[in-house]
Amino acid sequence: MANSLYAEEDLLDINTDIDTELSQETDSFPSPEWDLVAGDFVLDASHRTPYADGRDAIRTWCVKAVQTHRYELMAYDEDMGIDVEDILTNDAENLIDVALERNITEALMINPRVESISNFSCTKEGDTVTVDLTVNLIDFDSFDLSTTLNIDEA
């Protein structure tokens with residue numbers, strides 16, 4: 001065995017342990033408050049960003065997940081957001097609805113705190129789609145989510 005200043009641990013085992021620990025946690029981590037209308041961080045009077053936790057943090061994450069086009073921003077991995085290209089390949093109105101529901105459900109279900117999605121409906125008007133749904137959470141009360149998507153941006 002060679003002398004080494006560094007511990008000789010298998011990094012794969014360490015990362016697997018960390019991932020397992022994080023996936024088993026049910027507490028919500030605080031996240032910076034986000035203004036969903038302005039599309040920017042909220043600033044208090046001292047120009048600091050306040051933090052939200054629990055249901056509010058999950059709600060903000062859900063809206064951002066639905067409004068993010070998958071594969072468009074390098075800051076997010078391939079699981080974040082909806083696949084607008086997949087939605088646009090469906091020409092029939094009812095198939096767009098089905099593709100949109102499937103994409104949004106998949107995007108939200110990657111969060112371990114989301115139990116299910118219900119009451120999904122969407123209204124298409126030109127290139128704009130208004131989506132209404134209920135997000136059912138494991139540790140918090142459900143909430144209704146309504147957002148507008150521009151599906152022509154893809």
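Start by colouring the chain by secondary structure and following it along the sequence: the pattern reads α-β-β-β-β-α-α-α-β-β-β. That gives 4 helices and 7 strands to find. Keep in mind as you look around that this is a predicted model.

Next, switch on the surface for the whole chain. About 10300 Å² is exposed, and carbon and sulfur atoms supply 48% of that area. Of the 154 residues, 29% are buried. If you display contacts between residues at least 6 apart in sequence, 37% of them join residues at least 24 apart.

Now select residues 54-67, which make up helix 2. How far apart are its end C-alpha atoms? They are 20 Å apart, and this agrees with the expected span because 14 residues at 1.5 Å a residue should cover 20 Å. Stay on helix 2 and highlight its buried residues: Gly54, Ala57, Ile58, Thr60, Cys62, Val63, Ala65 and Val66. While you turn the view, a general point helps: an α-helix has 3.6 residues a turn, so residues three or four places apart point the same way.

For the next stop, show the aromatic side chains. The whole structure holds 1 aromatic pair. Select tryptophan 34 and phenylalanine 41 to see this pair, arranged edge-to-face with 4.8 Å from centre to centre and 85° between the planes. Are these two rings' residues buried or exposed? Tryptophan 34 is partly exposed, because its relative accessible area is 22%, and phenylalanine 41 also counts as partly exposed, at 43%.

Finally, keep tryptophan 34 on screen and add lysine 64. Lysine 64 lies over the face of tryptophan 34, 4.0 Å from the ring centre.

Terms used
Residues numbered from 1 in each chain as written. Predicted model: local features only at pLDDT ≥ 70, side-chain atom pairs only at ≥ 80, totals over all residues. Heavy atoms only, no water. Helix = DSSP H or I, 4+ residues; strand = E, 2+ residues; numbered from the N terminus. Buried < 20%, exposed > 50% of the residue type's maximum accessible area, 1.4 Å probe, protein only. Contact = heavy atoms within 4.5 Å. Areas by Shrake-Rupley, 256 points an atom, 1.4 Å probe, with all protein chains shown as cover. Expected span 1.5 Å × (residues − 1). Phe/Tyr/Trp six-rings, centres within 6.5 Å; stacked < 30°, edge-to-face > 60°. Lys NZ or Arg CZ within 6 Å of the ring centre and 35° of its normal.
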